[in-house]
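Work through the exercises below with the sequence and the model side by side. Try each task yourself before you read its solution.

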Amino acid sequence: MPANIKELFTTVAQPGRIEWISVRPERNVPAQPVDEVIVSVQKGLMGDHYSGQNGKRHVTLIQAEHLPAIASFAGRPTVDPALLRRNMVVSGINLLALKGQTFRLGDEVVLEYTGECHPCSKMETALGEGGYSAMRGHGGITARVIQGGQVRVGDQVTLL
């Protein structure tokens, strides 16, 4: 059991799981769900229009457990992750607990937490009036690729 606050910041209860992956091949097109993706140190997610533009945002991840909250705040019964403009939906591990950490996706890919992924004004169109506010505090995180490889739906997310 961790003895001090520093150790508490580097301890998670369990590994997470990748529930959903998407790429958007061009700007302003819907996210396309995929079962697997190649992740590159230089480009981020291969096949995603954003690849290579900004190393701090190579990959965007959102918490699966937050999707029902977003839906509730937006006055919807559910929310399709494709509307939220994130690359991956992860369950079982608190993404904010990865702040300042590196973490592994599957067997190969290593990411570094670079910040929170705040909602953009496009959430008003995607989720309707109040969509931006529905996402506040639930937008997920951004990450930089430290080591590339392949990632699949069902792969574990583990703190390094």
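**Exercise 1. Decide whether R152 is buried, partly exposed or exposed, and find its salt-bridge partner.**

Solution. Begin with the cut-offs: buried means under 20% relative accessible area, exposed means over 50%, and partly exposed lies in between, with a 1.4 Å probe and protein chains only. R152 has a relative accessible area of 38%, so R152 is partly exposed. The next step is to look for a partner, where a salt bridge is a side-chain nitrogen of Lys or Arg within 4 Å of a carboxyl oxygen of Asp or Glu. The side chain of R152 meets that of E36 in such a bridge, with 3.4 Å from N to O. R152 belongs to strand β10 (residues 149–152) and E36 to strand β3 (residues 36–40), so the pair ties together parts that are 116 residues apart in sequence. E36, with a relative accessible area of 41%, is partly exposed. The strand names follow a rule: helices (H or I, at least four residues) and strands (E, at least two) are DSSP runs, numbered from the N terminus.

Before going on, note that this is a predicted model, in which local features need pLDDT of at least 70 and side-chain atom pairs count only at pLDDT 80 or more, while totals for chains, interfaces and linings use all residues. Residues are numbered from 1 along each chain as its sequence is written, and side-chain values use heavy atoms, with hydrogens and water left out.

**Exercise 2. State how many salt bridges a search of the whole structure finds, and describe those of R144 and R17.**

Solution. The search of the whole structure finds three salt bridges. One of them joins the side chains of R144 and E112, at 2.8 Å from N to O. Because R144 lies in strand β9 (residues 141–147) and E112 in strand β8 (residues 109–116), the pair ties together parts that are 32 residues apart in sequence. R144 counts as partly exposed at 28% relative accessibility, and E112 counts as partly exposed at 26%. Another bridge pairs E19 with R17, whose closest N and O atoms are 2.7 Å apart. Here E19 is partly exposed at 32% relative accessibility, and R17 is partly exposed at 38%.

**Exercise 3. Describe the volume and the lining of the largest pocket and of the second largest pocket.**

Solution. First settle the term: on a 1 Å grid over the protein atoms alone, a pocket is an open set of points where a 1.4 Å probe fits, with protein on both sides within 12 Å along at least five of seven lines, and lining residues have an atom within 4 Å of a point. The largest pocket holds about 250 Å³ of space. Its lining has 16 residues, and those nearest the centre are R24, R57, T60, R85 and R86. Sorted by class, this lining has five nonpolar, six polar and five charged residues. The second largest pocket has a volume of about 180 Å³, and its lining includes R24, N28, R85 and K122.

**Exercise 4. Find where N28 and R85 lie, and say what is notable about the phi angle of each.**

Solution. Start from the general rule that most residues other than glycine have a negative phi. N28 is not a glycine, yet its phi is positive, at about 60°. N28 is found in the loop between β1 and β2 (32–34), and with a relative accessible area of 55% it is exposed. R85 is also a residue other than glycine with a positive phi, near 65°. R85 lies in the loop between α2 (67–73) and β6 (88–91), and its relative accessible area of 25% makes R85 partly exposed.

**Exercise 5. Compare sequence separation with distance in space for F73 and A134, and for G149 and H49.**

Solution. F73 lies in helix α2 and counts as exposed at 55% relative accessibility. F73 and A134 are 61 residues apart in sequence, and their C-alpha atoms are 4.9 Å apart in space. G149 has its place in strand β10 and is buried, with a relative accessible area of 16%. G149 and H49 are 100 residues apart in sequence, and the distance from C-alpha to C-alpha is 18 Å.

Conventions: Points joined across faces, edges and corners; volume = space filled by probe spheres on them. Nonpolar A, V, L, I, M, F, W, Y, C, P; charged D, E, K, R; others polar.
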